[in-house]
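Grab a coffee and work through these short exercises with the structure open beside you. Each one sets a task and then walks through a solution.

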Amino acid sequence: MRVKLDRTLCDGFGVCAKHAPEYFSLDDWGYANLEGDGNIPEEDQPAVLRALMDCPAHAIMTIGERRPDDAPPPATDEPDPTNPNTDASEAEWGFTR
């Protein structure tokens with residue numbers, strides 16, 4: 001199992017360091033740091049998973065996991081690059097004939 005910590009989401013509750021102090025430390029302001037490269041051996045996975053599930057800010061995630069707010073961007077109606085003189089490109093780019 002691999003985990004990562006998004007420090008921009010961390011609110012400094014310190015729950016992760018309480019559950020898995022070998023993998024999470026707190027800086028001078030109380031925000032979490034991930035110790036090591038995020039690879040978690042099987043024997044330590046229960047403690048790290050508890051830290052992940054108890055994090056109130058959801059700042060810890062497994063590598064490969066998608067966050068609900070990471071939805072793919074919506075499809076845009078781009079002009080056809082092989083035929084730039086279409087009605088769609090005229091409206092978008094303001095071309096006139």
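**Exercise 1.** Among contacts in the chain between residues at least 6 apart in sequence, what percentage join residues at least 24 apart?

*Solution.* Before counting, note that this is a predicted model, where local features need pLDDT of at least 70, side-chain atom pairs count only at pLDDT 80 or more, and totals for chains, interfaces and linings use all residues. Residues are numbered from 1 along each chain as its sequence is written, and side-chain values use heavy atoms, with hydrogens and water left out. Next, take contact as heavy atoms within 4.5 Å. The share you're after is 55%.

**Exercise 2.** Work out the order of helices and strands in the chain.

*Solution.* Use DSSP runs, numbered from the N terminus: helices are H or I with at least four residues, strands E with at least two. That gives three helices and four strands. Reading from the N terminus, you get β-α-β-β-α-β-α.

**Exercise 3.** Where does Asp27 sit, and what does Asp27 touch?

*Solution.* Start with the backbone: Asp27 is in the loop between strand E2 (24–26) and strand E3 (32–34). Then look at its side chain, where a polar atom lies 3.0 Å from the backbone nitrogen of Gly30. Finally, skip residues up to four places away in sequence, and Asp27 touches Arg7 and Asn33.

**Exercise 4.** How much of the chain is buried?

*Solution.* Call a residue buried if its relative accessible area is under 20% (1.4 Å probe, protein chains only). Of the 97 residues, 28% pass that test.

Notes
A polar contact is a pair of N or O atoms within 3.5 Å; within protein, one must be able to donate a hydrogen and the other to accept it, and residues adjacent in sequence count only if both atoms are side-chain atoms. Buried means under 20% relative accessible area, exposed over 50%, partly exposed in between (1.4 Å probe, protein chains only).
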